[in-house]
Amino acid sequence: MKRHLISAADLTRDDALLILDTAEELAQISSRSIKKLPTLRGRTVVNLFFEDSTRTRISFEAAAKRLSADVINFSAKGSSVSKGESLKDTALTLEAMGADGVVIRHGASGAPHRLATWVHGSVVNAGDGTHEHPTQALLDAFTMRRRLGDLEGRKITIVGDVLHSRVARSNVLLLHTLGADVTLVAPPTLFPIAVDTWPCQISYDLDAVLPKSDVVMMLRVQAERMNAAYFPTAREYSRRYGLDLARFGRMQEHAIVMHPGPMVRGMEIAAEVADSPRSTIVEQVANGVTTRMAVLYLLLGGSEPAIGGDQ
Ligand code: CP
């Protein structure tokens, strides 16, 4: 594996399978009363969050702590960033504190890539602008594998605001690497310009794609990243691209519903669908901890066994 995880494209099929298999092994400890391993004892992980997060920030912290790493949580709010300190100087300050790994979320696409040129430790991209969110794609693939088995040939449909979604891009890249057949569905205004170069199909018609899908992943409309009107009204968007109960009823019986969160109930997904047993939304959050444990272990753990030794 490479030293950093910046993009899902950094992962070969063997790398991705190694992470997913390691996460499966590490998931065993989530059912124990003491959910802790000594694997990263003496190592320091810095969580560097310049953008809001609930799931990713908390799960990286839980993952590092379960592996016994020392954890430093940095949030741009309340830091010297508000006094004008640059990303480079912030990074070098944290480097001086002995970070072995830096997990970064930033509003600017490419920030983790820049950071990787300034620090000695491993950099993990926890979401950069509209670019990528590779650990979200890994936890999504882990969740799909647990529910459906091997992903080779599986039909995965990703629906919604693809234009602003780092989750969609990372999922397309990783799922393609794992042999799945991905279709993106959105209104024409919510596809990025070069989407035809991505390794997937595109469609504007959710109702045509839905009955063939093994997985339907809904995306939130990211109003905070929009500076123009991309569709007439929220009601119209929801009618054409929302997963309501009627559409849910037309999915195959084994098919599952996913959402990376945060979700807007009643907009892209009906509450009854989000809460159904075929929805994996809560499972995805739990799987985020074990998947991120696997990533931290494989990037920082060297040759130590993930499970074993003096537990
Ligand atoms: N899925 C995801 O990245 O959620 P957060 O923004 O809450 O971290």
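This report describes the two domains of a predicted model and the packing of one helix pair.

Local features require pLDDT of at least 70 and side-chain atom pairs count only at pLDDT 80 or more, whereas totals for chains, interfaces and linings use all residues. Residues are numbered from 1 along each chain as its sequence is written, and side-chain values use heavy atoms, with hydrogens and water left out.

**Domains.** The bounds below come from an automatic or database domain assignment.

| Domain | Residues | Residues in contact with the other domain |
|---|---|---|
| Domain 1 | 8-133 + 285-300 | 33 residues |
| Domain 2 | 134-280 | 28 residues |

Contact means heavy atoms within 4.5 Å. The C-alpha centres of the two domains are 25 Å apart. Together domain 1 and domain 2 bury about 2,600 Å², of which 57% is on carbon and sulfur atoms; buried area is the accessible area (1.4 Å probe) that two parts lose on being put together, summed over both. Of the area that domain 1 buries against domain 2, Leu-20, Thr-130 and His-133 supply 25%, more than any other three residues.

**Helix pair.** Helices are DSSP runs (H or I, at least four residues) numbered from the N terminus. H5 (residues 134-148) packs against H6 (residues 166-177) at an angle of about 55°, the axes being 8 Å apart. Axes are lines fitted to C-alpha atoms over the stretch in contact, and angles run from 0 to 180 degrees between N-to-C directions. H5 and H6 are therefore oblique to each other, a class left after angles under 35 degrees (roughly parallel), over 145 (roughly antiparallel) and 65 to 115 (roughly perpendicular). Residues of H5, including Leu-138 and Met-144, meet residues of H6, among them Val-167 and Leu-174.

Terms used. Helix = DSSP H or I, 4+ residues; strand = E, 2+ residues; numbered from the N terminus.
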